[in-house]
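Open the structure in a viewer and keep the selection tool at hand. The stops below say what to select and what is there.

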Amino acid sequence: MSQMPQAPLPDGTRVPVLGQGTWRMGESRSAVAAEVRALQAGIDLGMTLIDTAEMYADGGAEQVVAEAIRGRRDGIYLVSKVLPTNASRRGTVAACEASLKRLGTDRIDLYLLHWRGRHPLAETVTAFEELKAAGKIGAWGVSNFDVDDMEDLLSVEHGGNVATNQVLYNPARRGIEFDLLPWTARRGIATMAYAPFDKGGIVDHPVLARIGAAHGATAAQVALAFLLERDDVIAIPKSSSLERLAENRKAVELKLTPEDRAALDAAFPPPKRKRPLEMI
């Protein structure tokens, strides 16, 4: 198996282009053991970037992650998020402390504002910078921010320290290609793509399946390959299936041809105008 490619963050840190999401993990006690095994299997395959959030199962997903990374924290790039309702200056610090406790660690490598809320961005950024100075987070970023949100962010003090924007992106949801993706790319801000399979909605798509069959691959692997061709995109699919995890990992090695890309463009036309930012 080839080595996992890496993507650069603005501070020079390099992270795996393919990580693991945890949305919907921690919701069922009976599923926790399988979820822990899945995350550990993904880590063994090189998917050492793990994305979670205080919102997921009200902290339950962070507890699943804590169990999965116990004894191997130093090899993990850990991402978590603060809810916008908690994102005041004091609230952000308190939320981070609570996440650290649930995660069983003394630091979060990348801490994100989950989406924009009522608290001023300047307050959230101030808290992020304080947490970074204290060594409790390594870097910070945002999620579900459109171009105007990003411009507002860069206008506040230290807003230019944003490392990444995590957004919905997959072959069926290409709106960000019109303006947001080029905007962040020009500034060296990485894009993290969540829901790369569109919550499973595209894994049976006939065009993806046909392209995959020509490469001895699956439709899901084609969907990931579509994202991973971009140097500044990091994909974070979630799976509790050991078979799917191995399948996801092999997608890194899939190289699409110009004909494949043309077929994808025909099936999922790229945007020709500005679209509202989509969220799940």
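At what angle do the axes of helix 3 and helix 4 cross? Select residues 89-103 for helix 3 and residues 121-133 for helix 4. The model is a predicted one, and in it these two axes cross at roughly 45 degrees and come within 7 Å. That angle makes helix 3 oblique to helix 4. The crossing of the two is right-handed.

Now show the side chains where they touch. From helix 3, pick Arg89, Thr92, Val93 and Cys96. From helix 4, pick Glu123, Thr124, Thr126, Ala127, Phe128, Glu130 and Leu131. Coloured by class, this contact of helix 3 with helix 4 shows 5 nonpolar, 3 polar and 3 charged residues.

**Helix 1 and helix 2**

Go next to residues 32-44, which form helix 1, and residues 60-69, which form helix 2. Their axes lie 9 Å apart, and the packing angle is about 55 degrees. Helix 1 and helix 2 are therefore oblique to each other, and their crossing is right-handed.

Which residues of helix 1 meet helix 2? Select Val32, Glu35, Val36, Leu39, Gln40 and Ile43. Opposite them, in helix 2, are Val64, Val65, Glu67, Ala68 and Ile69. By class, the contact of helix 1 with helix 2 consists of 8 nonpolar, 1 polar and 2 charged residues.

**Valine 203**

Move on to valine 203, in the loop that runs between strand 9 (190-194) and helix 7 (206-214). With neighbours within four places in sequence left aside, valine 203 has contacts with Phe197, Ala219 and Ala220. For a distance label, pick the C-alpha atoms of valine 203 and leucine 245: they are 14 Å apart in space and 42 residues apart along the chain.

**Helix 7 and helix 8**

Keep helix 7 (206-214) selected and add helix 8 (219-228). How far apart are the axes of helix 7 and helix 8? The separation is 7 Å, and the helices pack at an angle of about 90 degrees. That makes helix 7 roughly perpendicular to helix 8.

To see the contact, select Leu208, Ala209, Ile211 and Gly212 in helix 7, together with Ala219, Val222 and Ala223 in helix 8. By class there are 6 nonpolar residues and 1 polar residue here, and no charged ones.

**Two pockets**

Switch on a surface for the last two stops. Which residues are the closest to the centre of the largest pocket? The largest pocket has a volume of about 540 Å³. Of its 28 lining residues, Trp23, Tyr194, Ala195, Lys199 and Lys238 are the closest to the centre. The lining of the largest pocket divides into 13 nonpolar, 8 polar and 7 charged residues.

The second largest pocket has a volume of about 230 Å³. It is lined by 15 residues, and those closest to its centre are Pro5, Leu228, Glu229, Val252 and Lys255. Strand 1 (6-8) and helix 8 (219-228) are the elements that give two or more residues to this lining. Which element gives the largest share of the lining of the second largest pocket? Strand 1 does, with 3 residues. Coloured by class, the lining of the second largest pocket has 9 nonpolar, 1 polar and 5 charged residues.

Key:
Residues numbered from 1 in each chain as written. Predicted model: local features only at pLDDT ≥ 70, side-chain atom pairs only at ≥ 80, totals over all residues. Heavy atoms only, no water. Axes fitted to C-alpha atoms, helices over the stretch in contact; angles between N-to-C directions. Helix = DSSP H or I, 4+ residues; strand = E, 2+ residues; numbered from the N terminus. Parallel < 35°, antiparallel > 145°, perpendicular 65-115°, else oblique. Left-handed = near helix turned anticlockwise from the far one by under 90°. Contact = heavy atoms within 4.5 Å. Nonpolar A, V, L, I, M, F, W, Y, C, P; charged D, E, K, R; others polar. 1 Å grid on protein atoms, 1.4 Å probe; cavity = no way out; pocket = protein on both sides within 12 Å on 5 of 7 lines; lining within 4 Å. Points joined across faces, edges and corners; volume = space filled by probe spheres on them.
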